[in-house]
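Q: Hi! Could you walk me through the ligand site and the empty spaces in this one?

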Amino acid sequence: MQKNVILCGFMGCGKTTVGKLVAQALERPFLDLDAYICAREGKTVAEIFDAFGEDGFREREHNACAALEKSQGQVIAAGGGTLAFARNVEALKINGVIVFLDVSLETIAARLRGDDTRPLLNGPGREEAMRTLYDARRPLYLGAADIVVTADWTPEETARQVVQAAASNT
Ligand code: S3P
């Protein structure tokens, strides 16, 4: 059974962009977990947060991970918070290799400047909230990951590294 390749990491680390390139290179289907949740709900992430709160989003996110337990051979871009929850790590590891795209906070902050699509960063004190969440999340991503790829580079370069690492692990 061919394993899934699951990309995780902080918002703005490039999971979706890099994931599409990796899928292309490996000739595998690509699935973006947030897009999958949004399609099921007929709502954007922000609308789901508004309607059901963060807990409601996490519930739907977990259901999506559980639904993917039996899938195989896909390249999956997780959401930034997905792998911060042990139950999701457990579900996705059943048939997946987890790749952490490790990007510095400075790069993330620059990439997300002006972005208002991430409800967790839309409150007051955005910079501080980002730093706190980044510091809390990074050890969780490291703990969940089978492979760590430094990803401050271009999406193409990062994808090349992921493909190389995944080739010996899937
Ligand atoms: C979240 C990250 C988002 C999205 C939601 C929650 C998080 O995904 O799932 O806004 O908790 O870090 P991206 O990392 O794709 O922005």
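A: Happy to; the ligand comes up below, then the pocket, then the cavities.

Q: Anything I should know about the model before we start?
A: This is a predicted model, so local features need pLDDT of at least 70 and side-chain atom pairs count only at pLDDT 80 or more, while totals for chains, interfaces and linings use all residues. Residues are numbered from 1 along each chain as its sequence is written, and side-chain values use heavy atoms, with hydrogens and water left out.

Q: Great. Which residues come nearest to the ligand?
A: Lys15, Asp34, Arg58, Arg118 and Arg137 do, out of 13 residues around it. A residue is near if one of its heavy atoms lies within 4 Å of the molecule.

Q: And what are the classes in that shell?
A: The shell has 5 nonpolar, 3 polar and 5 charged residues. Here Ala, Val, Leu, Ile, Met, Phe, Trp, Tyr, Cys and Pro count as nonpolar, Asp, Glu, Lys and Arg as charged, and the others, Gly among them, as polar. By element, helix α3 (residues 45-67) gives the largest share of the shell, 3 residues.

Q: Which polar atom of glycine 80 lies 2.9 Å from a ligand oxygen, backbone or side chain?
A: For glycine 80 it is a backbone atom. Lysine 15 instead places a polar side-chain atom 2.7 Å from an oxygen of the ligand, and an N or O atom in the side chain of arginine 137 is 2.8 Å from a ligand oxygen. The cut-off for a polar contact is a pair of N or O atoms within 3.5 Å; within protein, one must be able to donate a hydrogen and the other to accept it, and residues adjacent in sequence count only if both atoms are side-chain atoms.

Q: How much of the ligand's area does the protein cover?
A: 95% of the 390 Å² of accessible area that the ligand has on its own.

Q: OK, pockets. Where does the ligand sit?
A: The ligand takes up the space of the largest pocket, whose volume is about 450 Å³. Of the 24 residues lining this pocket, Met11, Lys15, Asp34, Gly80 and Arg118 lie nearest its centre.

Q: What are the classes in that pocket lining?
A: The lining divides into 8 nonpolar, 8 polar and 8 charged residues. Its largest share, 5 residues, comes from α3.

Q: Switching topic: how many cavities of 30 Å³ or more are there?
A: The count is 2. The largest cavity has a volume of about 40 Å³, and its lining includes Phe10, Cys13, Phe100, Asp102, Tyr134 and Arg138. Two or more lining residues come from each of β4 (96-102) and α6 (126-144).

Q: What classes line that one?
A: It has 8 nonpolar, no polar and 2 charged residues.

Q: And what lines the second largest cavity?
A: Asn4, Ile6, Leu68, Glu69, Ala91, Leu92, Asn95 and Gly96 do, around a space of about 30 Å³. By class, this lining has 4 nonpolar, 3 polar and 1 charged.

Methods. Accessible areas come from the Shrake-Rupley method with a 1.4 Å probe; for residues, only the protein chains shown count as cover. On a 1 Å grid over the protein atoms alone, a cavity is a set of points where a 1.4 Å probe fits but cannot get out, and a pocket is an open set with protein on both sides within 12 Å along at least five of seven lines; lining residues have an atom within 4 Å of a point. A molecule sits in a cavity or pocket if more than half of its atoms lie within 2 Å of its grid points. Helices (H or I, at least four residues) and strands (E, at least two) are DSSP runs, numbered from the N terminus. Grid points are joined across faces, edges and corners, and a volume is the space filled by probe spheres set on the points.
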